[in-house]
Amino acid sequence: MDLKAHIRDIPDFPKPGILFRDITPLLGNPTAMQYSLDLFAEKVAQHRPDYIVGIESRGFIFGMPLAYKLGVGFAPVRKPGKLPAAVHSASYALEYGNDTLELHQDAFPAGSRVLIVDDLIATGGTAAATAELVEKTGCTVAGFGFVIELVGLDGRAKLPDVPITVLMQY
């Protein structure tokens, strides 16, 4: 199946000069959604994760069903103030300023292998901050999984040297 046929390009969103890759048509098509999740699960199973982390918020959409399909646990990485228990925090640079992500300190037992999942990798800052959070829990980043990679932004360069799985590249 050509998954790119289910990605909508929206020019000048969220600001002029940006070409937004919209996954909602893929999510709205049951056949394409099921195919993408089955393919994703097949590809990331080789990383042998004990847990999957989904990055707020579209990483939740793919991370939870992947955790279910692989029979592993799931934990969310959220923006500050959204998680109720003690958290680890990691800040990262944005084009204009900084942002922060949080993960429960007790999200996984120490030594666990954690796969980080998001819908898209662009510049890599969010994924790199999430890797930092996983390492703060005493766990190992088993790999990354992304539905879409924007190759020209070289986000991989910011990530640790672990396997990276992507379903589509632009």
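Arginine 156 comes out as partly exposed in this predicted model, with a relative accessibility of 33%. Its partner in a salt bridge is glutamate 149, and the closest N and O atoms of the two sit 2.7 Å apart. Glutamate 149 has just 4% relative accessibility, so this residue counts as buried, the cut-off being under 20%. The bridge thus pairs a partly exposed arginine with a buried glutamate.

That pair belongs to a wider set, since a search of the whole structure turns up eight salt bridges. Another one of them links aspartate 22 with arginine 8, again with 2.7 Å between the closest N and O atoms. Aspartate 22 lies in strand β2 (residues 19-22) and arginine 8 in strand β1 (residues 8-11), so the bridge ties together parts of the chain that are 14 residues apart in sequence. Here too the acid is the buried partner: aspartate 22 has a relative accessible area of 8%, while arginine 8, at 42%, is partly exposed.

Aspartate 22 has some other company as well. Besides the 2.7 Å polar contact between its side chain and that of arginine 8, there is a polar contact of 2.9 Å between the side chains of aspartate 22 and threonine 24. Leaving out residues up to four places away in sequence, aspartate 22 touches His6, Ile7, Arg8 and Ile10.

A third salt bridge brings together the side chains of aspartate 119 and arginine 58, at 2.6 Å from N to O. Aspartate 119 is part of strand β7 (residues 113-121) and arginine 58 is part of helix α3 (residues 58-70), so this pair ties together parts that are 61 residues apart in sequence. As for accessibility, aspartate 119 is buried with a relative accessible area of 5%, and arginine 58 is partly exposed with 37%.

Aspartate 119 shows up again among the neighbours of isoleucine 148. Isoleucine 148 sits in strand β8 (residues 140-149), and its relative accessibility is 0%, so it counts as buried. What does isoleucine 148 touch, not counting residues up to four places away in sequence? The list runs to Ile7, Arg21, Ile23, Asp119, Leu120, Ile121, Met168 and Tyr170. Ile7 is a name to notice, because it is on this list and also on the list for aspartate 22. Alanine 45, for its part, is 103 residues away from isoleucine 148 in sequence, and the two C-alpha atoms are 18 Å apart in space.

Now for a helix. Helix α4 covers residues 125-136, which makes 12 residues. From its first C-alpha to its last, α4 reaches 17 Å, close to the 16 Å expected at 1.5 Å a residue. Which residues of α4 are buried? They are Gly125, Ala127, Ala129, Thr130, Ala131, Leu133 and Val134. Several strands help to cover these buried residues, including β3 (51-55), β4 (73-77), β5 (87-94) and β6 (97-104), along with β7 and β8. Two of those strands have already come up: β7 holds aspartate 119, and β8 holds isoleucine 148. After α4 comes glycine 138, which has a positive phi, near 85°.

Definitions and conventions. Residues numbered from 1 in each chain as written. Predicted model: local features only at pLDDT ≥ 70, side-chain atom pairs only at ≥ 80, totals over all residues. Heavy atoms only, no water. Salt bridge = Lys/Arg side-chain N within 4 Å of Asp/Glu carboxyl O. Helix = DSSP H or I, 4+ residues; strand = E, 2+ residues; numbered from the N terminus. Buried < 20%, exposed > 50% of the residue type's maximum accessible area, 1.4 Å probe, protein only. Polar contact = N/O pair within 3.5 Å; in protein donor to acceptor, adjacent residues only side chain to side chain. Contact = heavy atoms within 4.5 Å. Expected span 1.5 Å × (residues − 1).
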